[in-house]
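User: I have a new structure open and don't know my way around yet. Can we walk through some details together?
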Amino acid sequence: MMQKRQCFAVICACAVVIQGVLSISVEAVEVDVHARQLSYLSWQQTESSSQNPDNDFLGLYRYQAHAELRPDISLVGNRYQLMLKPRFSYDYWWHKVGVPEDNESKDDAYLNEGLLQIGFTPTFFTSYGRENLQWGPTSLRTPSNPFFSDNGQDKPKKEVEGKDFLKFIYLPSDWFTVGVIGNLEQGGMRADSSVADPEFKRKYALKLDMLGVNYNASLLLSRREGGNETWGGFVQVTVSDALLAYFDAAVNRGNTALYPRLDPGHPLGGDFVRRYDSTTEERFIGIVGASYTLENSATVSLEYLYNGTGYNDTEAEAYYTLRQNAADNIHHPIFGGLAHSHLAETLNPGLILLRRNYLLLQYTFNEMGNNLSYTFRLTTNLDDDSDKVTLITEYAYNDYLQIFAVGDMSQGRSDTEFSSFLSSNLMIGFEYTF
Amino acid sequence: MLYKKILMLPALMALFFTQVHAVEVDLKALLKSADRSRGNLQGLVWSVETLTLEQGKAGQTLKFRLFTKNANSLIRFTSPSRMRGQMMLMRDRNMWFIRPGLRKPVAISPRQRLTGAASNGDIASTNYAGDYDAILLGEESVEGKLCHILELTANNKGVTYDKIKYWISKSEGLGQRADYYTVSGKLFKKASFEYNNSIGVDKNKISFISKMVITDTLSDVKTILSFSDIVVQDVADSKFNLNLLVR
């Protein structure tokens, strides 16, 4: 409730600032206001696994209806830019798996993004506000980004929640940019916020960007308060007019992810600990990839990810053993609460991906002037042989209305990453712009 | 007699190389002049409308505002409505597509089609003078204008076309027609240009592109690009910086 009040206070304050800027400014101001009405129905097929035994842990519904209004407001002056993205949504879920008569609804209003950027000189800028800060050429994940583990590619119709940043950007030349970025607050004003973290700590980064005729690259040094440094970066090269090659990586000194610890004396056979939180052991996460544009304008991409922080075979075996133990004790009169806590930890142990080796193959046809666009994506976990197939299609019915369908299908044993609780998922909806 | 011929030889060689050099300089200057009238300037803001015709049937129309400065371009789509907020940024041969809601910029290649027969590379500022080596093939009339015919061969791998046959009017120095070839020498696109706009550059008025028609010779798809509302102004470098692009 408090967060909603803060959200509306921020929206009102920004509206006052807009009004003020409009009335006192003598310079040319470009104002752009447009909104999207996004609605969809989704269906999901759950998997009975140790992560969600008989749906008793996650309480997933089979069906969901979602309606959302997404206004985008921007003001661009010579020296400043103001952007606001308030969001208003309504969700209705029905047919809970295992309890078909159950249903639930929720409405929400929040500021997903909103920032003010000021240029003090033509080469020095600062901004403060909430934003979804993304970069890099990869699709699978973005290891070099210390602020967001979700790059928004998996669920293109769902927005990644913004976080609060203070940034200073300096352009010493046309080909070199220096950025100092501070993630000061965790953001996340959604009622079901996925970024809300009671153990949130501020994070800072120095980002150096370089640009050549046919390449761009970035080098990052980041640090979490009380934690160790992380080095990261990416390089993207336009090898020819059709071929792009790229690399995105990070080297973490220690990390805050949870790792399984077997303990025969523990009632659930062990627990999860931040084993490398205070160590300086270095772990490498990197993606190497390439994309090639065919004669028909479709693009084929191939990426390989090595996740040095992911579980090896021994750790994975311990992880699934502890998860199974928690599932077996979920209704235990004494250890039920602990089992729930373990399942919450296994659901999100703080890793970008659970295991170490992944492959992505993607075929995309996205011609701006064409009414139909689609993406087919196959993601394979090479360590446990589970796969996820994603199909994203969009069809422009007219200038305002776009119809879309997003489907996921997973394959693998129930003790594998991609088949842990959902076997398939389909979202069909429309987006109306006005 | 013989010694006179021997003495004349260096003079003739010097004259020959001077002529060759003069031709080279002229071709570069000719290409620079043609590039300038197709948008390669210090700063320009203009509107572009694209219409694609497939077997004579009109398809999708796109409208966007284009900010250019030398080899940098930023496209802000304005129509159709569903594309508002979408952007395309081109920094030399680095290109990104940006959609609202999906904040991560998607790296794209110059070959990827923007619409119909037009590739992303067709919208980017033309820098034939820098990207291609030219030789003079001859002269020919195009639409009643006597033109130099230049054969352009790419001098780097990042360009959209490997080989171009380019007709530049002798009197105005404006590109009138272009044929685009693959590495194997196969003709796959043709373009024609009109210059009914004019802009002021360095206190001079120059003709500026108003229409470009690109035809895909393999599929019979034709895309017409119309250019209007051209404003010559300094566009800040920060406009083309991905870190500062509020989206």
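User: Which residue lies over the face of Phe404(A)?
Analyst: That is Lys157(A). It sits 4.7 Å from the ring centre. Keep in mind that this is a predicted model.

User: And what lies over the face of Tyr276(A)?
Analyst: Arg283(A) does, at 4.2 Å from the ring centre. Tyr276(A) also belongs to an aromatic cluster with Tyr259(A), Phe272(A), Tyr311(A), Tyr319(A) and Tyr320(A).

User: How many aromatic pairs are there over all chains?
Analyst: The count is 26. One of them joins Tyr432(A) and Phe434(A). Their ring centres are 6.1 Å apart, with 35° between the planes, and the pair is tilted.

User: Are those two rings' residues buried or exposed?
Analyst: Tyr432(A) is partly exposed, because its relative accessible area is 35%. Phe434(A) is partly exposed too, at 47%. The partly exposed class runs between the 20% and 50% cut-offs.

User: Back to the cluster. Which residues of helix 2 of chain A are buried?
Analyst: Tyr319(A) and Tyr320(A) are among them. The others are Glu315(A), Ala316(A), Ala318(A), Leu322(A), Arg323(A), Ala326(A) and Ala327(A).

User: Why would buried positions come at spacings like that?
Analyst: An α-helix has 3.6 residues a turn, so residues three or four places apart point the same way.

User: What do the buried residues of helix 2 pack against?
Analyst: They pack against strand 12 (259-262), strand 13 (270-273) and helix 3 (336-347), in chain A.

User: How does the length of helix 2 of chain A work out?
Analyst: It covers residues 313-328, which is 16 residues. At 1.5 Å a residue, the span should be 22 Å. The end C-alpha atoms are 22 Å apart, so the two agree.

User: What is at the start of that helix?
Analyst: Asn312(A) puts a side-chain oxygen within 3.2 Å of the backbone nitrogen of Thr314(A).

User: New topic, chain B. What is its secondary structure?
Analyst: Chain B has 3 helices and 17 strands. Of its 247 residues, 53% are buried. The chain exposes about 11,100 Å², and carbon and sulfur atoms supply 53% of that area.

User: What about contacts between residues far apart in sequence?
Analyst: Take the contacts in chain B between residues at least 6 apart. Of these, 45% join residues at least 24 apart.

User: Where is Asn243(B), and which side chains does its side chain make polar contacts with?
Analyst: Asn243(B) lies in the segment after strand 17 (221-232) of chain B. Its side chain makes a polar contact of 3.1 Å with the side chain of Lys207(A). Another, of 2.8 Å, goes to the side chain of Asp209(A). Contacts of Asn243(B) also include Lys167(A), Ile169(A) and Thr177(A).

User: Which residues does the cis peptide bond in chain B join?
Analyst: Ser79(B) and Pro80(B), with omega about 0°. Pro80(B) is in the loop between strand 3 (72-79) and strand 4 (87-91) of chain B. Most peptide bonds are trans.

User: What is the phi of Asp385(A)?
Analyst: It is near 60°, a positive value in a residue other than glycine. Asp385(A) lies in the loop between strand 17 (372-381) and strand 18 (386-396) of chain A. At 55% relative accessibility, Asp385(A) counts as exposed.

User: And Asp92(B), where is that?
Analyst: In the loop between strand 4 and strand 5 (94-99) of chain B. Asp92(B) has a positive phi of about 50°. Asp92(B) is partly exposed, at 26%.

Key
Residues are numbered from 1 along each chain as its sequence is written. Chains are lettered from A and ligands numbered from 1 in the order in which they are written. This is a predicted model: local features need pLDDT of at least 70, side-chain atom pairs count only at pLDDT 80 or more; totals for chains, interfaces and linings use all residues. Side-chain values use heavy atoms; hydrogens and water are left out. Helices (H or I, at least four residues) and strands (E, at least two) are DSSP runs, numbered from the N terminus. Buried means under 20% relative accessible area, exposed over 50%, partly exposed in between (1.4 Å probe, protein chains only). Contact means heavy atoms within 4.5 Å. Accessible areas come from the Shrake-Rupley method with a 1.4 Å probe; for residues, only the protein chains shown count as cover. The expected span of a helix is 1.5 Å times one less than its number of residues. A polar contact is a pair of N or O atoms within 3.5 Å; within protein, one must be able to donate a hydrogen and the other to accept it, and residues adjacent in sequence count only if both atoms are side-chain atoms. Rings of Phe, Tyr and Trp (its six-membered ring) pair if their centres lie within 6.5 Å; planes under 30 degrees apart count as stacked, over 60 as edge-to-face and the rest as tilted. A charge sits over a ring if NZ of Lys or CZ of Arg is within 6 Å of the ring centre and within 35 degrees of the ring normal.
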